Amino acid sequence: MAQVLLIVVATTNQLESMIKESVYSNTTTSKINTTPSENSNFFDTNNGINKDDGLNRSGFTKEANPIKKRENPLGIFTQVSTFLLLIGGAFLAYISQNDFTQFRLERWESNWGYVFLIIASGFSIFKMVFFFYNLYLYFRYKSINSVTDELLPTCTVIVPAYNEGKQVWATLMSLADSDFPEGKLQLLAIDDGSKDDTWFWMKEAKKALGDRLSIYQQPVNKGKRQALYRGFKLGTGEVFVTVDSDSIVKNDTLRNLVSPFVTNERCGAVAGNIRVLNNEKKALLPKMLDVSFVLSFEFVRSAESRLNSVLCTPGALAAYRSKAVFASLPEWINQTFMGQKSDIGEDRAMTNMILKQGYHVLFQRNAYAYTNVPEQYSSLYKMFIRWGRSNVRENIAMSKYVFTNFREGSKIGSRILFLNQIFKIILSYPFILFMLFFIVTNPILFLSSTLLSILILSSFPVLFYAKRYNLSESFWAYSYSILFTFGLFWITPYAIATASKSGWLTRELVDKK
């Protein structure tokens, strides 16, 4: 039973850490990994390079032979160390079976231990059923193909930027290079009172693009939500697309992203597919997060999309029906939590409000954006705190409508997704307390069982990433799970305790978001 409990803890803390809500920032242009289409024949024989990705103008460089790039010694050391640590933990768990049996008997003899193990067992069963339900939904998911130019809706793309430097130029160039009718595309860039040369690079993009791009500058930094609000008020498109100023899109991203609004009149929002842009650098965190994002978007959001209930459209790339946005705009811009004005979680909040109107929220796996992510631990945990606080707030907001008749048709899927989120929040403190108790009373058993759990449970994201992209890079899932379990386990409890606090936390950093 103790082993089962630890697997539950690992499930809530590791795999769900790969189900985060939004997306991020820094200022870099680097080579990206190519992306598969909906069939397995995407890659040609030229080392996996897609010759028609149309990304050069936005700052990407294509290596003629990426397989020959030099390996990062630190990366090799980290992956080998991870493997040895997990194997050592599994062996230690194997030779400690008698100790596990004794520990289990001691817990059953305690009233509190008995109650807790029953709760943990029930939750582990729920998580297992929920996982296989997601797996079933994933296999039923299929992204929507682009409609013709004639059917594409008019589209306003809004790019808010703060201290983004030259990266904003690359973002705007990639959007301008989109395979989208110029007469149907309105590009808006809004400098949110940057202190660096962001405004200069916006003007450079304006020189290159002319009337195709409109640029605006906030007199002072007012926050991302205010910058987006200005864009919504200026926009004229039938569909609004929001793109982070550190993100790069492929030339077919926009048309793939907005096509569901044509094929499904009940579609109110669409989430794009986010990959990591800076994972070719020496930093290790981007490599780990890339594997995490693939699971979060291509597995989790695919399943949520089958239920018409994607819980968060990411800031890096999202699309909204303008009618749905304007219906939510007064509530969204004036949103408060515990008496304080909300200045975080604007993407999750907009998604929540559109779901509440009864619209479908979908995911497009074939609409790619590549974004920069934190390269340092301090930036990473602050980003997660911000996401965690937003998650607490929006789950409270969702609880007020999810069990009502908020839309036509089945609502059971939305309710199951909500229960999964709320159970994680409710049980975070009991699991943390048990973990601390386990560490104090049986540190060797805790370490061995936790490492064994990571080895077992993280094998799914490893296999998933390997199937979709690259085998060697997939092993970063193990390293990320170790990092999260031992270095970021405190995020959810802390976010719950400080949910009323506002602030972006990372906007003044060089390594942002």
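Here is a short chat about the nonpolar core and aromatic rings of this predicted model.

Residues are numbered from 1 along each chain as its sequence is written, and side-chain values use heavy atoms, with hydrogens and water left out. As the model is predicted, local features need pLDDT of at least 70 and side-chain atom pairs count only at 80 or more, while totals for chains, interfaces and linings use all residues.

Visitor: Which helix gives the most to the largest nonpolar core?

Guide: A nonpolar core is a set of buried Ala, Val, Leu, Ile, Met, Phe, Trp, Tyr and Cys residues joined through side-chain atoms within 4.5 Å. Buried means under 20% relative accessible area, with a 1.4 Å probe and protein chains only. The largest core has 119 residues, and Val157 and Trp332 are among those with the most contacts inside it. With eleven residues, the top giver is helix H10 (residues 285-306).

Visitor: How far apart in sequence are the parts that Phe123 and Phe431 tie together?

Guide: These two rings form a tilted pair, 5.9 Å centre to centre with 40° between the planes. Rings of Phe, Tyr and Trp (its six-membered ring) pair if their centres lie within 6.5 Å; planes under 30 degrees apart are stacked, over 60 edge-to-face, and the rest tilted. Phe123 lies in helix H4 and Phe431 in helix H14 (helices being DSSP runs of H or I, at least four residues, numbered from the N terminus). So the pair ties together parts whose separation is 308 residues.

Visitor: Is Phe431 buried or exposed?

Guide: Its partner Phe123 has a relative accessible area of 4%, so Phe123 is buried. Phe431 comes in at 6%, so Phe431 counts as buried.

Terms used
Buried means under 20% relative accessible area, exposed over 50%, partly exposed in between (1.4 Å probe, protein chains only). Helices (H or I, at least four residues) and strands (E, at least two) are DSSP runs, numbered from the N terminus.
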